[in-house]
Amino acid sequence: MSENKYPGIFVTLEGIEGVGKTTSMRFLAEYLHQHDVPVLITREPGGTPLADDIRHFLLNEHDEEVQPETELLLMFAARAQHIAKVIRPALQAGKLVICDRFTDTSYAYQGAGRGIEKSKIKALEDVVQDGLKPDLTILLDAPIEVGLSRIQKREKTDRFESETKNFFVKCRQGYLELAAAEPERFVTVNADQSLESLQKELVGILASAIKQVA
Ligand code: Z5A
């Protein structure tokens with residue numbers, strides 16, 4: 001685990017569609033509240049009313065094709081609001097902040113998936129985050145088929161979920177490269193296991209973060 005300059009701890013959960021991020025966030029929220037851990041659970045894109053408006057735009061289908069750069073800029077516009085209004089204040093207050101997706105998604109989806117150069121994403125990261133990075137990133141990883149088969153049961157798909165299998169292959173590869181490049185920040189977890197054993201593993205991974213804020 002790396003260390004930010006605030007008393008709180010910043011943890012992010014990452015992975016392609018259907019690997020179980022939302023399910024894991026729900027479980028962690030309940031577990032941490034039961035154990036009186038000062039926690040803030042949030043997600044991206046979104047997390048503030050204005051950022052949630054941007055989320056709706058990003059997830060909805062449009063008659064006009066959304067350019068990759070438009071998508072990237074809107075992700076970072078939402079992130080700027082989210083950091084200023086929610087994430088940084090919670091870290092300053094000494095909370096454990098757990099965020100469902102953060103900038104690694106921009107590298108995996110807009111970078112590896114859509115083909116935008118890393119240097120452009122890094123430039124936005126520098127402007128918007130001013131040095132803020134997650135202390136710990138948990139990457140839920142599973143073969144594409146596992147995640148996609150889980151979300152196939154949904155009645156309605158959003159703009160990202162209607163992407164091709166090849167797009168998600170590139171996103172997954174992008175994530176694995178990010179994890180390999182920063183082993184001190186990333187923990188990669190096999191998401192193709194029972195919920196019970198996955199949840200046990202998550203609690204174990206978070207143990208030292210919990211101790212630091214408790
Ligand atoms: N995006 C981006 O492009 N760039 C960015 O910078 C950011 C985001 C921040 C947000 O969508 C979209 O924005 C996202 C990337 C893009 N793309 N999409 N789609 P979202 O938040 O709505 O979607 P998501 O984050 O991918 O969530 P998801 O599709 O709901 O997947 P999930 O949260 O990982 O899975 P889940 O809902 O927890 O589980 C899916 C199903 O599997 C559910 O029925 C569970 O009961 C089941 N499940 C989960 N775990 C298990 C296990 N272990 N065994 C069996 N069944 C399981």
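I would like to begin with one pair of side chains, K122 and D126, which form a salt bridge whose closest N and O atoms are 2.7 Å apart. Before going further I should say that what we are looking at is a predicted model, and that every value I mention today is computed from it. Side chains of opposite charge can pair when their charged atoms come close. In this case the two partners are separated by about one helical turn, because K122 and D126 stand four residues apart in helix α5, which covers residues 118-129. An α-helix has 3.6 residues a turn, so residues three or four places apart point the same way.

How buried or exposed are these two residues? K122 is partly exposed, with a relative accessible area of 40%, and D126 is also partly exposed, at 44%. For anyone new to these words, a residue is called buried under 20% and exposed over 50%, so that values in between count as partly exposed.

Let me now step back to the chain as a whole. Its secondary structure comes to eight helices and five strands, and if you follow the sequence from its start, the pattern you meet is β-α-β-α-α-β-α-α-β-α-α-β-α. The radius of gyration is 16 Å, close to the 17 Å that the globule rule gives for 214 residues, and therefore the chain is as compact as a globular protein of that length. Along its principal axes the C-alpha trace spans about 50 × 40 × 30 Å. Of the 214 residues, 52% count as buried, while the surface that the chain exposes is about 10,500 Å², with carbon and sulfur atoms supplying 52% of that area. Among the contacts with a separation of 6 or more, 83% are between residues 24 or more positions apart.

The next topic is the sheet. In what order do the five strands stand? They form an open sheet in the order β2-β3-β1-β4-β5, with parallel pairing. The edge strands are β2, residues 39-43, and β5, residues 186-190, each of which pairs on one side only. On average, and ignoring direction, neighbouring strands of this sheet are turned by 20° against each other.

If we look at β3 in particular, five bridges join this strand to β1, with the two running parallel, and F10 stands opposite V97 in β3. On its other pairing, β3 meets β2 in the parallel sense, again over five bridges, and here T42 stands opposite C99. As for its surroundings, β3 is mostly covered, since five of its five residues are buried. In a regular strand the side chains alternate between the two faces of the sheet. In β3 you can follow this residue by residue, with L96, I98 and D100 pointing one way and V97 and C99 the other way, all of them buried.

Further along the sheet, strand β4, residues 136-141, pairs with β5 in the parallel sense over five bridges, and I138 stands opposite V187 in β5. Helix α1, residues 21-34, lies across β1, β2, β3 and β4, and runs at about 160° to β3. Another helix to look at is α6, residues 144-151, in which I144, V146, G147, L148 and I151 are buried; what covers these buried residues includes α7.

That brings me back to charged pairs, of which a search of the whole structure finds 13 that count as salt bridges. One of them joins the side chains of D104 and R185, at 2.8 Å from N to O. What does this pair tie together? D104 lies in helix α4 and R185 in the loop between α7 and β5, so the salt bridge connects parts that are 81 residues apart in sequence. Both D104 and R185 are buried, whereas K122 and D126, with which I began, are partly exposed.

A further salt bridge is made by the side chains of R172 and D141, at 2.7 Å from N to O. This pair links distant parts of the chain, with R172 in helix α7 and D141 in strand β4, 31 residues apart. Here R172 is partly exposed, with a relative accessible area of 21%, while D141 is buried, with 14%; the cut-off for buried is under 20%, so the two partners fall on either side of that line. Finally, E71, R114, R159 and E163 are linked in a network of salt bridges.

Technical notes. Residues are numbered from 1 along each chain as its sequence is written. This is a predicted model: local features need pLDDT of at least 70, side-chain atom pairs count only at pLDDT 80 or more; totals for chains, interfaces and linings use all residues. Side-chain values use heavy atoms; hydrogens and water are left out. Two strands pair if DSSP finds at least two bridges between them. Axes are lines fitted to C-alpha atoms, for helices over the stretch in contact, and angles run from 0 to 180 degrees between N-to-C directions. Contact means heavy atoms within 4.5 Å. The radius of gyration is taken over C-alpha atoms; the globule rule is 2.2 Å times the number of residues to the power 0.38. Buried means under 20% relative accessible area, exposed over 50%, partly exposed in between (1.4 Å probe, protein chains only). Accessible areas come from the Shrake-Rupley method with a 1.4 Å probe; for residues, only the protein chains shown count as cover. A salt bridge is a side-chain nitrogen of Lys or Arg within 4 Å of a carboxyl oxygen of Asp or Glu.
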